[in-house]
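Thanks for asking for a second pair of eyes on this one. Below are my notes, point by point, to read with the structure open.

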Amino acid sequence: MDHRITFILDNKTDASEVFSKVKLTAKSLEIPAVTGSRQNVLRVPYEASLFGDWAAVFQGFEITYRYPEAVGNEILDSYNSAGLFLYLRPRLQLLDEEIRTIGSMLLQDLGLETETKFIATPSGFSSKINVGDVHVQQWLSSVFSRFAGEGELGHVDEFSAAFGSTGLNISFTSFDHAQPDTVYTKSGVKTEVGVFEREPRLSSVDSIAINGFRYALGDAQEKRTMLQFQRPHRLVPVSEVHTSLVNVPGLHPKLRLQFEGDLREPMKLAGSFETNSTKEPMCELFYHVNYPNDVYWDRYELKWLQAVDLIGLWGSDNLEQPQYANTLEWGSEILLRVDPGRLVETQSLEVPFHSRYALPGNSSDIVELLLGELFWGCDLKKPVQAAESLAGTTPIEREARQAKIDQFQVEVDALSHSPFDYTALGGYKSYFEPETVFYHVANAASQQTMQLEVPAAIRTDFNAIRYATLASVLLGTAYVVKCVLGRSQSRNPDRKNRKKTAETRGRETTKN
Amino acid sequence: MKVPHIPIKWLMLASLLLRIAFFAFGLYQDATMEVKYTDIDYYVFTDASKYVLEGKSPYLRETYRYTPLLAQLLVPCHIWWFSFGKLVFVVCDLITGWILCDLTGESKRAVVSICWLLNPMVITISTRGSSESLLTVVVLGSIWLWKRGRPIGSGLLLGLAIHLKIYPLIYVPTLLLSQSRLVSWPNFRFSASVGVSFVSLGVAMYWMYGWEFLEHSYLYHWGRIDHRHNFSLYNQLMYHVSSGQVQASWEKLISFVPQLGLSMVVLPLWFWYNGMDMGTTLFLQTFTFVTFNKVITSQYFIWYLCLLPLLLENTDLTKWQGVQMTVVWVLSQGIWLLFGYKLEFQGLPVFRELFLSSLVFFLAQIYIIGQLVKHAIPVQHLKKE
């Protein structure tokens, strides 16, 4: 097993002082209290004795977590969706029995208690696990102890565990780490620790350079290292989005995204790559969010919005079902493409959604809505494909085009060498090509979650409603019958008139 | 007071022009304003018809709970003009008005004008793309043919009406009892025609779309739990029962027994026994059916509104009594709408108030039924008068 620990010092820390205080021995590495971020990555190779039936059941699975209040950073942030998610590619059909099997395996082997609610997405099945953050942190500590052995984990802002053909890759990231650490060697575990600072002179939005030391425990080796890499996940500078709800309380709220800063395409890959006939933008703006079953999106309503295109809506999209009637799906996932050109005047976007009827209870239900992800998705393959399709140009033009293709190809290759990223199995990242660069627009600093109040009937009213309804129906029926009978007696006291009445109904009798 | 004579051709022309004006405004509003004129249901129908055009099932469109025939009828919306369906509904609307004029005679033409041909509510419904006029023209066409001694044609149309929406089934007993003898050749021909029409349409649609046709067109309405608030008295009861938190036994059946008992048994027998007018009875049956229904939306009012001129021809209600009942009907709706607004758009938990409003609306309807029964004039009395 490999265990890689990375510390990224923040810009307030004196890196040279930290490096001078690091104590490396044959058995341990002591790191002084640093302020910055920390990431632990464990690579557990596949062994049948360790994983049992996992390979038979799963083609792959991925568990991701992001603390809703996490404020990330450009180097270690994976921009997972807020909350705890399980993404699955089972080998078997995902029927009730298989879901129970998967559930019991994850509980037994990982201590993860999953619900049996999944939604089908283009990349597999996803399940949102509704566990409080306190319990998630406890669970993460237990997973860390199980695989890494000793060591303090601290608060985890992001987590991922991806199981594939080669084994299990687990990552724990804390964006705000500020305590001393001691890392010990462990038999059978190759442990490496890196302590780095960001090189501001060599770093930009699109390229990151870090400089520091790598320590290989066991070998007691220390190596000066500088890394320069390009991440597929980048942060749009001087730009943020403020998310809120309008028309609340009410059954038909709207999600409001208020943009601050620049809404133009990211500069590095900005502009369009001209083809013969079309001017196709390489970068497009997207919004993705996961919502619980208490609310729903109407895809037919969304198509009327001028500023958005509905790319995908997965999960619970039944327009009529009350919240409690859906026992199979945890909620819904939506991916929208936003046209920033239509937002120039207001710099805001409102997207309608609706509340489902809530379970009768205590007059209202509070639904927690986590924030979504707003990002530019830039597909590096597009200009390459567009350039390759051009024909009938001069040698000079062909040379220039080839240079551009090579430039983008270099960018594509660079993405796969980022040391802090991997190919996501599930979630919004998996809906894009591997050659996609994501420029994330940060959520406003004060934002965490939103709360929606959904009115509900009072459960204890049932008996009163039941008997009042019954009494009204009986009363109403009796009254109508009384009127009918009373009318019959007053108008036709003599029953012999009945036959005469039928015979005189000349207008309404059809010919024999 | 002498009622002015209104030549039918001018009345129909005025109705047509009004509908053209509303329709044209609707096109303008849809093109320029955020709030659309076109009914949401029209988009449901046309989305379903697009699937039909592509050779697929109309039920791929969520919330399409109608016969596939409707989606098939609107296929030209995607070939010729998107508003084609609205034109169809407007034409049906006008034909409904013409039939009413013919059924009620000259003296009641003003009533027909107010109730149907020049009624802005009716005009808005068809020009917005609601399909209710398709049903009304078929129902009234059936009545019109019946009165002209054409039981087969009447039966075929009534079978079509039942295929479109189940409730016209309640008219069968009344039409059969309007004969001097229940077992008669015209009744047999009528019954057979209803059966042939309904069954053949059902078989054809089932052959094309299978079980989902039955599920979405009919069965869904029996077991629905999408109880989004509506005028019905049963709404809150269904909400609680559907949640599964309470034990429910008779609650699920409570709506059907009085509803069908009154509309399909009691009122037809009252019609037969007292020599009542058929149009009056059909109106009362429909009004009662809607009153006791598990779901009541504004569109359902059209089901009996199209029969109102027939009732008004055969009642001794005074104008003041008519105004009273109209006020009661409108006011009770208004109270419900107030709390409906508070729930939908202000998110206030006003379920108790909404239930009480539904109760008031229900009792108001019952009061109206009682008054209309008491003031209905039998045919023999009309003849003498």
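Before we start, one term: two residues are in contact when heavy atoms of theirs lie within 4.5 Å. Please also keep in mind that this is a predicted model.

1. **A helix to begin with.** Let us start in chain B with helix α7, which runs over residues 120–127. Its buried residues are B:V122, B:I123, B:I125, B:S126 and B:T127. What do the buried residues of α7(B) pack against? Their partners in chain B are α1 (8–32), α5 (84–104), α6 (109–117), α8 (132–147) and α16 (301–305).

2. **The two ends of that helix.** At the start of α7(B), B:N119 brings a side-chain oxygen to within 3.0 Å of the backbone nitrogen of B:M121. Just after α7(B) comes B:G129, whose phi is positive, at about 100 degrees.

3. **Spans annotated as transmembrane.** An unreviewed UniProt entry gives the annotation "transmembrane region" to several stretches of chain B, including residues 7–28, 122–146 and 253–273. I looked at two of these spans in the model. Residues 7–28 of chain B are 95% helix and 0% strand, with 32 Å between the end C-alpha atoms. For residues 253–273 of chain B the figures are 86% helix and 0% strand, and the end C-alpha atoms are 29 Å apart.

4. **How the chains meet.** How many residues of each chain take part in the contact between chain A and chain B? The count is 60 residues of chain A and 82 residues of chain B. Together the two chains bury about 6600 Å², and 60% of that area is on carbon and sulfur atoms.

5. **Charged and polar pairs across the interface.** Three salt bridges are found between chain A and chain B. One of the pairs to look up is A:E320 with B:R65, a salt bridge whose closest N and O atoms are 2.4 Å apart. As for polar contacts, 13 residue pairs between the chains have them, with both residues at pLDDT 80 or more.

6. **What chain A brings to the interface.** On the side of chain A that touches chain B, the elements giving two or more residues are α6 (299–302), β28 (449–458), α9 (462–491) and α10 (497–503) of chain A. Which of them gives the most? That is α9(A), with 18 residues. Sorted by class, this side of chain A has 28 nonpolar, 15 polar and 17 charged residues.

7. **A serine in a helix.** B:S217 sits in helix α12 (residues 211–223) of chain B. Is B:S217 buried or exposed? It counts as buried because its relative accessibility is 9%, and the cut-off for buried is under 20%. The side chain of B:S217 makes a polar contact of 2.8 Å with the side chain of B:Y59, and also reaches the backbone oxygen of B:Y66 at 3.0 Å. Beyond its neighbours within four places in sequence, B:S217 has contacts that include B:R65, B:T67, B:P68 and B:E212. You met B:R65 in point 5, as the partner of A:E320 in a salt bridge.

8. **A serine in a loop.** B:S232 belongs to the loop between α12 and α13 (235–242) of chain B. With a relative accessible area of 0%, B:S232 is buried. Its side chain reaches the backbone oxygen of B:N293 at 2.6 Å. Leaving aside neighbours within four places in sequence, B:S232 touches B:N293, B:K294, B:V295, B:I296 and B:S358.

9. **Backbone spots to check by eye.** Most residues other than glycine have a negative phi, and most peptide bonds are trans. A:V248 and A:P249 are joined by a cis peptide bond, with omega at about -5 degrees, and A:P249 lies in the loop between β15 (233–246) and β16 (254–261) of chain A. A:S363 is not a glycine, yet has a positive phi of about 85 degrees; this serine lies in strand β25 (residues 362–370) of chain A and is partly exposed at 22% relative accessibility. In chain B, B:T63 has a positive phi near 70 degrees. B:T63 lies in the loop between α2 (40–53) and α3 (68–73) of chain B, and counts as buried at 19% relative accessibility.

Definitions and conventions: Residues numbered from 1 in each chain as written. Chains lettered and ligands numbered in written order. Heavy atoms only, no water. Buried area = accessible area lost by both parts, 1.4 Å probe. Salt bridge = Lys/Arg side-chain N within 4 Å of Asp/Glu carboxyl O. Polar contact = N/O pair within 3.5 Å; in protein donor to acceptor, adjacent residues only side chain to side chain. Helix = DSSP H or I, 4+ residues; strand = E, 2+ residues; numbered from the N terminus. Nonpolar A, V, L, I, M, F, W, Y, C, P; charged D, E, K, R; others polar. Buried < 20%, exposed > 50% of the residue type's maximum accessible area, 1.4 Å probe, protein only. UniProt positions renumbered as here; feature names shortened; annotations may be inferred.
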